[in-house]
Amino acid sequence: MDNTRLAEGLREHTAGFAAAVAGADPDARVPTCPKWPLRVLAGHVGQAHRWAASIVRSGPSPVPDPFDADPGAPEKWSGWLLEGAADLEDAVRAAGGTPVWTFFGQQPATFWLRRMLHDTTVHHADAALATGAGFTVAPDLAADAISEWLELLSDPVTASLKPDFAELRGTGQTLQLNPGDGPGWLITRTPDGVRWTRATRAADVTLAGPIRDLLLVLTRRLPADRVTITGDRALAVDWLAHTVA
């Protein structure tokens, strides 16, 4: 997925997030982020975009505390959020092909555009679930979000950042994510960590459903019963129990 599409998606879901929280109580709790009120969720999204832009421009900096973010008055959230997304897009465009710091070593600046797009997409869903707003995501963005999430889970560095992810190791158990209208994802739990490929084939357990719902179940924003589970249900439950983002 090229930078143009990633930036377009970031703008779309930042605007969607802003629309979902417009007029809502800033102190209302977010069910899928139970420790956060809407104000902190909004602050985190805008803060994360600016933090990623600063990394692209200047190198690593400490992960900011969402409770330290100040999104301003609720009526100004939309402009503030869109400014942060534009700042990140500008930083990535200016960096060009220059490698930048990431948790996983030096990578193209596109890493941060993609990471923030998919983080924002999931938080857009958080906001929509909290306020009762609608949530949609384009199939190509949802598919890339699933692939990126599996890339993160399969990188050995991830378990060192969050030890619970080490529990995803296994002895060859397989999970299939099947969107029904295109290639799925075959996940294998090996002693060395998570392995995956884009493929649709038999597995120990299959989760099938619309790609939007697969993404939200995979990221723990919807309960597992929103998709059809066939095979070893306990394996699916165990996977989800150890993948809290």
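## Second largest pocket, helix H1 and Phe103

In this predicted model, the residues that line the second largest pocket divide into three nonpolar, two polar and four charged. The pocket has a volume of about 180 Å³, and its lining consists of Phe104, Gln107, Thr110, Phe111, Arg114, Glu148, Glu151, Leu152 and Asp155. Helix H4 (110-131) and helix H5 (139-154) each supply at least two residues of this lining.

Helices H4 and H5 also belong to what covers the buried residues of helix H1, as do helix H2 (38-58) and helix H3 (77-95). The buried residues of H1 are Arg5, Leu6, Ala7, Gly9, Leu10, His13, Thr14, Gly16, Phe17, Ala18, Ala20 and Val21. Helix H1 covers residues 3-21, and because a rise of 1.5 Å a residue predicts a span of 27 Å for its 19 residues, the distance of 27 Å between its end C-alpha atoms agrees with expectation. Just after H1, Gly23 adopts a positive phi of about 80°.

Phe103 is found in the loop between strand E3 (99-100) and strand E4 (107-108). With residues up to four places away in sequence left out of the count, Phe103 touches Trp51, Val63, Trp112, Val157 and Leu161. Phe103 is nevertheless partly exposed, because its relative accessible area of 32% falls between the limits of 20% for buried and 50% for exposed. Its separation from Trp185 is given below in sequence and in space.

| Pair | Separation in sequence | C-alpha to C-alpha distance |
|---|---|---|
| Phe103 and Trp185 | 82 residues | 24 Å |

Conventions:
Residues numbered from 1 in each chain as written. Predicted model: local features only at pLDDT ≥ 70, side-chain atom pairs only at ≥ 80, totals over all residues. Heavy atoms only, no water. 1 Å grid on protein atoms, 1.4 Å probe; cavity = no way out; pocket = protein on both sides within 12 Å on 5 of 7 lines; lining within 4 Å. Points joined across faces, edges and corners; volume = space filled by probe spheres on them. Helix = DSSP H or I, 4+ residues; strand = E, 2+ residues; numbered from the N terminus. Nonpolar A, V, L, I, M, F, W, Y, C, P; charged D, E, K, R; others polar. Expected span 1.5 Å × (residues − 1). Buried < 20%, exposed > 50% of the residue type's maximum accessible area, 1.4 Å probe, protein only. Contact = heavy atoms within 4.5 Å.
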